[in-house]
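Trainee: Could you take a close look at a single part of this model for me? I want the protein surface that faces the DNA, with every cut-off stated.

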2 protein chains.
Amino acid sequence: MALSERKKKILAAVVDEYIKTAEPVSSKAIAETGSLGCSSATIRNELAELVALGYLEQPHTSAGRVPTPAGYRLYVNELMQRQKLSVEESEELNRKLNERLAVMDTAISDIGKLASQLTNYPALALTSNASVTVRRFDLIYVDANTFIIVALLSNNDVKNKYVHLPVSADRSLVQKLSTLFNASFTGITEDKITSALISATERAADDTIGLTAVIAAFCIETLSEVNSVTAYVTGENRLLSQPEFRDPDKAHKLMSYLSNGGYVFPETGAMQDVEEVRVLIGPENVAEELKDSSVIVASYDAGDNTKGLIGIVGPTRMDYSAIATKLGMLAAGLSKRLGGGEAPPEGMHNKLIIKGDDRS
Amino acid sequence: MALSERKKKILAAVVDEYIKTAEPVSSKAIAETGSLGCSSATIRNELAELVALGYLEQPHTSAGRVPTPAGYRLYVNELMQRQKLSVEESEELNRKLNERLAVMDTAISDIGKLASQLTNYPALALTSNASVTVRRFDLIYVDANTFIIVALLSNNDVKNKYVHLPVSADRSLVQKLSTLFNASFTGITEDKITSALISATERAADDTIGLTAVIAAFCIETLSEVNSVTAYVTGENRLLSQPEFRDPDKAHKLMSYLSNGGYVFPETGAMQDVEEVRVLIGPENVAEELKDSSVIVASYDAGDNTKGLIGIVGPTRMDYSAIATKLGMLAAGLSKRLGGGEAPPEGMHNKLIIKGDDRS
DNA sequence: TGTTAGCACTCTCTTCTTTCGAGTGCTAAT
DNA sequence: ATTAGCACTCGAAAGAAGAGAGTGCTAACA
């Protein structure tokens, strides 16, 4: 099973070349790179063996070789040259990230956009907040019929709602409810907000106009929204620039799958450790629609128990190395900016861990 | 210039048929519909004249006829059968709208999604708020270093910002600033917020820690964000199901144009009267990228000086009638729901006005 | 004068054949 | 073990032929 050093070199050359050209790679082309000191005939023999081992395949007898998913897997796991960005390049990229992030919001959809621009592939972004609660309520009295509910969440997010009631409420009720909600609705997760709690609060506040219910509903809605995982997809159209999606039907299928979003990432399992980049190649994806695409995902830590994923989807033929590096840096940059601040920026490319389901 | 009744019928038949099949329409096909009591030879003569007049064209000598943009224009302006939805159908559609709108947020991006689903074309949605101002400020004191700024806008939107300062501020400063901002920053548009005003406020509040600047910046940012026109594009991938976009390059060009959004609608001029549906056919569009696509736009009134546009983009061959009707109903439904409430829902399809740059 | 049948003509689309060449696999020599 | 040489394979591109859809025109007809 252990491939000879030369076989590995040849496999790597095939993958590198195929990534660049999207055309089956010939023995001659490899020989001409000059990195192996042998002729095309020798390489042909090796190539035949690599086909037998399942790392390469031939579209037809008289064509060059193309990597199989297994070939890509091996490449990603062992062969690919980690992008050793020079200090300048690394700084350059970091600077760009800073620029971009300064201009853009760090809203999750913008992060996706950034990833898509950076890689030129469709990108997905999502965050998962582990059990956010309300930390504090404020009720702003605008007029007798109108209030603003303000909730400060445990992740420092602030949500509000403008409420206009058909009947008027007096200030004392608002005051009472404010106290009661801060006493019993803070620090509890969504599932703890029972109808019993709500009606108890309503009675305690002597609320006859239903304001309690409105606030409680807002609370539930806000928490469930914040805690739910939604994926944002951007740049689907970039798929069309890839030669493997010149067939409109294929492109359409994948694009509409992506547009309905969110089903891509769950496959990568629960949110992963930060600074780990996961690669799923072709059939390693669970979803039928992704069986001949690859997914690269990086996770970041947005602090306060919130983790996020960013990733891209493309054909199996993609520059795994470059993209994994870029996503890794992006994720690290985000962790640094948003998270507890423990993630170091300099030289982070050395720490890049690339994982995946290895089937060998 | 005035076309004979029969020519009009024939033109309409060609457009109707071409919309359905996407194939050049033959004289025989028209004769066989039976709606005209004449033979294919007669129709051939008429078709030749319609070509001479510029309403139709032939891909090549021995092919059927295809409508030109001028032909579509005439069709849209005079010939097309307005969708006379039966009462049941109308109610059905209204019911669906209600359902959908109940589930979805009325957030502008969701409205676009709805339009796209309804028509199966890429949709754009945007709103323009005419000069929103802040109506009221509240500063919520969380702790000495932490505040929440809450701004109630003139369109009843509420915006907030969580502020964490490196230095602490005492309650009296917060109190003073609250009063000052409510006195001099409310009811004014973004451009009235000058640095002179800000520094005057800073001095009046005796603010040495820069809190004034933070609040003012939030104010400017919020207003400019709310007042700016942003377009949301959804369903770009639906383009790929249209036969005219089987060429990936063409599709890609248009899709990336759309993804960069926002440039489509301004062409239709300023926001239009509500309940007017505008149709722009092929070269009538200003943008080069849209020269062989058509755009249909409807506007709605979201109340409080806020108007919105929803529209779709597709090939020039599209079912103008059905789509204009649907978008019109959607816009009317939104006006009713969001706006002053003056827009009636029943029988509204009779009021549908279809406009465009008539070049005849 | 408007309409229609008939027919030759045109042009695309499909299918079939041929050619070309890139790339392989094998063999024999080193 | 490596390599030069060469016959072989197969797809892609180019050409040729046939089919058919649809037209334009002409001449007859109401």
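Mentor: What follows covers the DNA strands one at a time, then how the protein copies are related.

The ground rules come first. This is a predicted model: local features need pLDDT of at least 70 and side-chain atom pairs count only at pLDDT 80 or more, while totals for chains, interfaces and linings use all residues. Residues are numbered from 1 along each chain as its sequence is written, chains are lettered from A and ligands numbered from 1 in the order in which they are written, and side-chain values use heavy atoms, with hydrogens and water left out.

Start with DNA strand C. There are 20 residues around this strand. A residue counts as near if one of its heavy atoms lies within 4 Å of the strand. S27(A), R6(B), T42(B), T61(B) and S62(B) come nearest. On the DNA side, 80% of the strand C atoms within 4 Å of the protein belong to sugar and phosphate.

Which element gives the largest share of this surface? Helix α3 of chain B, residues 40-53, does, with four residues. Helices here are DSSP runs of H or I, at least four residues long, numbered from the N terminus. By class, the surface near strand C has 13 polar, four charged and three nonpolar residues. Ala, Val, Leu, Ile, Met, Phe, Trp, Tyr, Cys and Pro count as nonpolar, Asp, Glu, Lys and Arg as charged, and the others, Gly among them, as polar.

Now the polar contacts, meaning pairs of N or O atoms within 3.5 Å. A polar backbone atom of S39(B) is 3.0 Å from a phosphate oxygen of strand C. R65(A) uses its side chain: an N or O atom there is 3.2 Å from a phosphate oxygen of strand C. A polar backbone atom of S62(A) is 3.5 Å from a sugar or linking oxygen of strand C.

Turn to DNA strand D. It is surrounded by 20 residues, and the closest are S39(A), T42(A), T61(A), S62(A) and S27(B). Sugar and phosphate make up 81% of the strand D atoms within 4 Å of the protein. The largest share of this surface comes from helix α3 of chain A, residues 40-53, again with four residues. The class split is three nonpolar, 13 polar and four charged.

Strand D has its own polar contacts. A polar side-chain atom of R6(A) lies 2.9 Å from a phosphate oxygen. R44(A) reaches a base: a side-chain N or O atom is 3.3 Å from a base oxygen of strand D. In S62(B), a backbone N or O atom lies 3.5 Å from a sugar or linking oxygen of strand D.

How are the protein chains related? A turn of 180° and a shift of 0.2 Å along the axis lay chain B on chain A, with an RMSD of 0.3 Å. The two copies are therefore related as by a two-fold rotation axis. In chain B, the C-alpha of P248(B) is the nearest to that axis, at 3.2 Å. The superposition is by least squares on the C-alpha atoms of residues with pLDDT of at least 70 in both copies. Contact between chains means heavy atoms within 4.5 Å. The copies meet through the same surface, because 100% of the interface residues of chain B are also interface residues in chain A.

Note on methods. A polar contact is a pair of N or O atoms within 3.5 Å; within protein, one must be able to donate a hydrogen and the other to accept it, and residues adjacent in sequence count only if both atoms are side-chain atoms. Helices (H or I, at least four residues) and strands (E, at least two) are DSSP runs, numbered from the N terminus.
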